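Biologist: I'm new to this one, and I'd like to know the reasons behind the words people use for it. Can we go through it together?

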Amino acid sequence: MSINFKTVHKWHPRGALISALLSLALGFFAPGVVAADSASAPAASPASEAKPAPKIVSAADKPRDDATLSSEDEACQKCHDKPDIAAKMTDAGESLSMRISTKDLLLSMHFETSCTDCHDSQDGKDHGKVAVPMKSKREYRLSYQNACTTCHKKNVADFKDSVHAVLLKEGSDKAPTCSDCHNSHTLRSVKLVEPIANVPCANCHKEIFRAYSEDVHGLERVAKGKKAPLCADCHSSHKIQAASLGEGIKDACLTCHKDSVAKHEVWLPNAGQHFEAISCAVCHAPYAQRRVNLRMVDKVGGKQILETKGVPKFDRLTKAADGGDFGLDAKELSSFLKEFNLENPGSKAILSGRLEVRSGLQSHQLSEKKEAIKDCKVCHEAGAVPFVSVVLSIAGPDGRPMLQGVEKEVLTSAESFGSMRGFYAIGSTRIKLLDYLLVLVLLGVLCVPVAHLTAHRLFKRKRDELNAARMKASSGTTQK
Ligand code: HEC
Ligand code: HEC
Ligand code: HEC
Ligand code: HEC
Ligand code: HEC
Ligand code: HEC
Ligand code: HEC
Ligand code: HEC
Ligand code: HEC
């Protein structure tokens, strides 16, 4: 059985008016709920047409018969394009080839760039005759971090605040510099469609690449060569942020799958709100393990709170609060929040729940739509598995989450409910009062305005005007 919610619920003007007045008075607004109306939305184009396919730029791939080296560069290449030029040994014991292929360079996008545009510290007289010590390949690469700035200001600026750049600044010996993703001497146009294994991210995020290459997008990419997203289409290439920070990735999904809200709304009531509270992978990676992430957000504006640099609070305060070491219970959680807010007079941290998959790897195991989770009971049933694992998180200084285990009972405790920005799933996290409401709904005796007033008064949260009507409807579809 499938129920279209547009036909089930009824608009109740008085209930809506009361809610509107109430929410105005209390200053509560539903945070950015995407309210798409499947009836009025224009017929959107399928995802496959959403973004033009990258073109094969043949000009960039053809040998440049006409390109030649300048005479200065030719002088360098007398030695550097010699097949037998000796490789250099670094102090770390690695061997680094000194051979630069003229042919590859002339085929590359840098065919007009001179060696000395990037290399200006090679001493004219002694160069090549006196060996200069080199600590390690990594150190050498790092010394070229500023070599691209003069010509690629925009990319350098974009990169500056990325998670990779922050890691570099913190001294990471694994985070990428420009040269880890682009080989200056051989790079082709980024518009060329290459085998997906050539995507630079695969060098470091091997497991994720493997998962991705076997999921619905990776397979589409291999089969059809283009269109389906590569890493940078979801994460961006230079402004890469920690994956769970903000809504950037969800927005990326929706840029290609433009009509998603409308398409889900047909069977999923309030799809926009489900999208806010559930990451796409929860339903689309059907074999993934799931959990509830209670993200610390600012009460005003709802932005995720960043751990302060230098004076870390999260670890210290959660450790102090966690008496039993089994994860925070409701009491410990609320005393942690109190302490945290005391130490951060500027911010007021509350919790915003999100259902997500447990590992980043599993976010890259998206399946075809027919395998996606459609059964409401997976979430809307007492003891539903996704709600058994609960964590508390703050965004670390580089945006990556710092986690603390939380007892699952926190979700059902009236004590912690006050500090949560209203995240619950009817029936599964059994807050007693909600259950009571649910029972009434199931019995069909609840009238809409009363439900609103009760909910608003008790939880001080602006919920959808037709909450109760939808609850009623949801109990209908659950029976399918
Ligand atoms: C667009 C900038 C750029 C141009 C043009 C360029 N290089 Fe490089 N080169 C680099 C960077 C960056 C590195 C160090 C990073 C790396 O590759 O690990 C490097 C490294 C090298 C190395 C060390 C070996 C290696 O592969 O790391 C040699 C030798 C070298 N370049 C020679 C040349 C010569 C000769 C030319 C001209 C024919 C040239 N380069 C043109 C950017 C450039
Ligand atoms: C006479 C041959 C010769 C010429 C000409 C020459 N090189 Fe080299 N180059 C070498 C040798 C040999 C090494 C390895 C030196 C060592 O072991 O320290 C080297 C190392 C390098 C390196 C890597 C180490 C470093 O110092 O960064 C770069 C980059 C480089 N050359 C660029 C150039 C450029 C640019 C030119 C032209 C302006 C040039 N070379 C001209 C022979 C030459
Ligand atoms: C983590 C890997 C990664 C790092 C680090 C990286 N890039 Fe890129 N870059 C990419 C990818 C992937 C693309 C192509 C995808 C796209 O954006 O369309 C790209 C595209 C480009 C382009 C061509 C397209 C454009 O936006 O103009 C330039 C130029 C460029 N990068 C320069 C740089 C410079 C300079 C740095 C260092 C500040 C850098 N990149 C660091 C991955 C990287
Ligand atoms: C002297 C100027 C100059 C410097 C320095 C330079 N580049 Fe470039 N780069 C160019 C030019 C010119 C192109 C040709 C395409 C264009 O106009 O963007 C190019 C193209 C590229 C592209 C391919 C863009 C595309 O559209 O496919 C990448 C990636 C890139 N450079 C990376 C780098 C990196 C990384 C460095 C530093 C190690 C660097 N460049 C240093 C001038 C430079
Ligand atoms: C279809 C969009 C999409 C594509 C394509 C994609 N990712 Fe992701 N990526 C995601 C999502 C969604 C998450 C999880 C975000 C969250 O926690 O909400 C994620 C998480 C990550 C993480 C964090 C992992 C962790 O442990 O938390 C990394 C690293 C990552 N991706 C790298 C990559 C690489 C490398 C590629 C290419 C091989 C890639 N991604 C391709 C959507 C994508
Ligand atoms: C030279 C190695 C290297 C390359 C290349 C590289 N990364 Fe990373 N990346 C790292 C390291 C190291 C970290 C920090 C450890 C971690 O979280 O995996 C990281 C972290 C990340 C994160 C944040 C993880 C989180 O928890 O949210 C994302 C997202 C990410 N990378 C995406 C990419 C994408 C997309 C590309 C290609 C455009 C790429 N990386 C290329 C080394 C690399
Ligand atoms: C509550 C589970 C759930 C969530 C959350 C969810 N989906 Fe879906 N999605 C499904 C199911 C089930 C289908 C298959 C519907 C059908 O076949 O009738 C589907 C279908 C799709 C399709 C195929 C649409 C078509 O008919 O062509 C796309 C694309 C899609 N989802 C993207 C997304 C994106 C992007 C997100 C996150 C913003 C998301 N989904 C969140 C369950 C979900
Ligand atoms: C660059 C565009 C692009 C982005 C970004 C993108 N997708 Fe896709 N997606 C595609 C294409 C192309 C296909 C394969 C053709 C199709 O079925 O529409 C596809 C297929 C799918 C399917 C399978 C649909 C089916 O019919 O079985 C799902 C589910 C899906 N994507 C979900 C997501 C999610 C979730 C995200 C974000 C994490 C995302 N997509 C990001 C382009 C994109
Ligand atoms: C993957 C888990 C999951 C699935 C599957 C799921 N939901 Fe939900 N649902 C949630 C969560 C989590 C919330 C709480 C959202 C919030 O409070 O922000 C929610 C909220 C709701 C709400 C209340 C919305 C409101 O206005 O407060 C209704 C009604 C609902 N779901 C009905 C359904 C129906 C009907 C289905 C099956 C067609 C379904 N859900 C499938 C997780 C799920």
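**Reasons behind the labels**

Modeller: Let's start with histidine 284, which has 21 C-beta neighbours inside 10 Å and so counts as buried. Keep in mind that this is a predicted model.

Biologist: What makes 21 neighbours enough for histidine 284 to be called buried?

Modeller: The cut-off for buried is 20 or more other C-beta atoms within 10 Å. Histidine 284 has 21, so it passes and is buried. As for its place, it lies in helix α17, residues 280–284.

Biologist: Which residues does histidine 284 touch, leaving out those up to four places away in sequence?

Modeller: Leu366, Ser367 and Ala372. To count as a contact, two C-beta atoms must lie within 7 Å. There is also a C-alpha figure for histidine 284 and lysine 374: they are 90 residues apart in sequence and 9.8 Å apart in space.

Biologist: What about isoleucine 373: why is it called partly exposed?

Modeller: Isoleucine 373 has 15 C-beta neighbours inside 10 Å. Buried needs 20 or more and exposed means 12 or fewer, so a count of 15 falls in between and the label is partly exposed. This residue sits in the loop between β4 (349–357) and β5 (390–395).

Biologist: And what does isoleucine 373 touch, setting aside residues up to four places away in sequence?

Modeller: Cys283, Pro286 and Val378. Its C-alpha atom is also 8.2 Å from that of valine 282, and those two are 91 residues apart along the chain.

Biologist: How much of the protein is buried?

Modeller: Buried residues make up 26% of the 480 residues. As for the overall make-up, there are 23 helices and six strands. Among contacts with a separation of 6 or more, 74% are between residues 24 or more positions apart.

**Two positive phi values**

Biologist: What is noted about phi of serine 236?

Modeller: Phi of serine 236 is near 70°, a positive value in a residue other than glycine. Serine 236 belongs to the loop between α13 and α14. With 15 C-beta neighbours inside 10 Å, it lands between the two cut-offs and so counts as partly exposed.

Biologist: And asparagine 270: buried or exposed, and how do you know?

Modeller: Asparagine 270 has 22 other C-beta atoms within 10 Å, and the bar is 20 or more, so it is buried. It has a positive phi of about 50° although it is not a glycine. You'll find asparagine 270 in the loop between α15 (260–265) and α16 (271–277).

**A pair of helices**

Biologist: How do you describe two packed helices in general?

Modeller: Two packed helices are described by the angle between their axes and the distance between the axes.

Biologist: What are those values for α18 and α19?

Modeller: Helix α18 (residues 314–321) and helix α19 (residues 330–343) pack at about 140°, and their axes are 9 Å apart.

Biologist: Why is α18 called oblique to α19?

Modeller: Roughly antiparallel takes an angle over 145 degrees, and roughly perpendicular covers 65 to 115. About 140° fits neither of those, nor the under-35 range for roughly parallel, so α18 is oblique to α19. The crossing of the two helices is right-handed.

Biologist: Which residues make the contact between α18 and α19?

Modeller: From α18 they are Leu317, Thr318 and Ala321, while α19 brings Glu332, Ser335, Phe336, Glu339 and Phe340. By type, the residues of this contact are four nonpolar, two polar and two charged.

**Around the ligands**

Biologist: What surrounds ligand 8?

Modeller: A shell of 22 residues, the closest being Pro229, Cys253, Cys256, Cys280 and Lys369. Helices α12 (216–224), α13 (231–235), α14 (248–256) and α17 each supply at least two of the shell residues. The largest share, four residues, comes from α14. By type, the shell has 12 nonpolar, four polar and six charged residues.

Biologist: And which residues are closest to ligand 3?

Modeller: Cys148, Asn155, Cys178, Cys181 and Ser237 are the closest of the 16 around ligand 3. Both α8 (153–160) and α10 (178–181) supply at least two residues of that shell. It divides into nine nonpolar, six polar and one charged.

Biologist: How many residues surround ligand 4?

Modeller: 19, with Asp117, Cys148, Cys151, Cys178 and Val190 the closest. Here α6 (115–118) and α10 each give at least two shell residues.

How values were computed: Residues are numbered from 1 along each chain as its sequence is written. Chains are lettered from A and ligands numbered from 1 in the order in which they are written. This is a predicted model: local features need pLDDT of at least 70, side-chain atom pairs count only at pLDDT 80 or more; totals for chains, interfaces and linings use all residues. Axes are lines fitted to C-alpha atoms, for helices over the stretch in contact, and angles run from 0 to 180 degrees between N-to-C directions. A crossing is left-handed if the near helix is turned anticlockwise from the far one by less than a right angle, and right-handed if clockwise. Ala, Val, Leu, Ile, Met, Phe, Trp, Tyr, Cys and Pro count as nonpolar, Asp, Glu, Lys and Arg as charged, and the others, Gly among them, as polar. A residue is near a molecule or strand if its C-beta atom, placed from the backbone, lies within 6 Å of it.
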